[in-house]
Amino acid sequence: MSVCGDTLLCNFPKCRIKLSGFAWVTACSHVFCDQHGSGEFSRSPAICPACSSTLSGKLDIIRTELSPSEDYKAMVLAGLRPDIVLDISARALAFWTYQMMEDYKRKYSEVSERLMERNRQYQKLQGLYDSLRLRNMVVSAGERDTLLQPGQLNFRGGGAQPSSPLRSPQFFSMGHDGDSSTFFSSLEADTAKNFFQFSSPARERGRPFTKRH
């Protein structure tokens, strides 16, 4: 941004209009539009609306024309020594630089405030997104656990079928008469008959049993 292309802004709070025509300049390096300068500096003692400095000197406040005529520019510094001309020019440039720096600081402050507001909005949206993602993860995990509970599904023959829980045989104590038929009471009838049926060797060989004396 070119310094020469910039325009001074009124330093009155909440005004900040671009200055043109006449302006009020103070010894504390502030400048005001003609409207606010005329209203503020009509009282005595005058107080700078920007920094609250007391402006009691005769030349602490000057109403100046920002776009002077060629005749004025030709005569305002005429007859002054070069060192005085340079001193006046240096002070005028310092005043301009101060105003530009203040304007840059104001713009930087506005940009910083907007950036902080965007960051707050981003953090708020990020927290909302994390909350929704966590809720979806919990719901998905609950549905998966409901569908895949142990013992409910039995994958046989290429499809999922309900499976019955395994049963273990119930064991009972041996009776007084030595009967073994009640030892495994819960086994199926065929299995118990084939495996636990005790027959004598005589019956297996097909001849009567002869008791030896």
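This passage looks at the nonpolar core and the salt bridges of a predicted model.

The core comes first. The largest nonpolar core is made up of 18 residues, and those with the most contacts inside it are Cys10, Leu19, Phe32, Phe41 and Leu55. Two or more residues come from each of the elements β1 (22–26), β2 (31–33) and α3 (82–147). Of these, β2 gives the most, with 3 residues. Leu19 is a handy place to look at the packing in detail: leaving aside residues up to four places away in sequence, Leu19 touches Thr7, Leu8, Leu9, Cys10, Val31, Phe32, Cys33 and Leu66. Two of these partners, Cys10 and Phe32, are also listed among the core residues with the most contacts.

Next come the charged pairs. The structure has 7 salt bridges, including the three described here. In one of them, the side chains of Glu70 and Lys73 meet at 3.0 Å, N to O. Glu70 and Lys73 sit about one helical turn from each other, because they are 3 residues apart in helix α2 (residues 70–75). Glu70 counts as exposed, at 57% relative accessibility, while Lys73 counts as partly exposed, at 45%.

Helix α3 holds a pair with the same kind of spacing: Arg120 and Glu117 are 3 residues apart there, about one turn of the helix. Their side chains form a salt bridge at 2.6 Å, N to O. Arg120 is partly exposed, with 47% relative accessibility, and Glu117 is partly exposed too, with a relative accessible area of 35%.

A further salt bridge links the side chains of Asp83 and Arg81, at 3.3 Å, N to O. Here Asp83 counts as partly exposed, at 44% relative accessibility.

Notes
Residues are numbered from 1 along each chain as its sequence is written. This is a predicted model: local features need pLDDT of at least 70, side-chain atom pairs count only at pLDDT 80 or more; totals for chains, interfaces and linings use all residues. Side-chain values use heavy atoms; hydrogens and water are left out. A nonpolar core is a set of buried Ala, Val, Leu, Ile, Met, Phe, Trp, Tyr and Cys residues joined through side-chain atoms within 4.5 Å. Buried means under 20% relative accessible area, exposed over 50%, partly exposed in between (1.4 Å probe, protein chains only). Helices (H or I, at least four residues) and strands (E, at least two) are DSSP runs, numbered from the N terminus. Contact means heavy atoms within 4.5 Å. A salt bridge is a side-chain nitrogen of Lys or Arg within 4 Å of a carboxyl oxygen of Asp or Glu.
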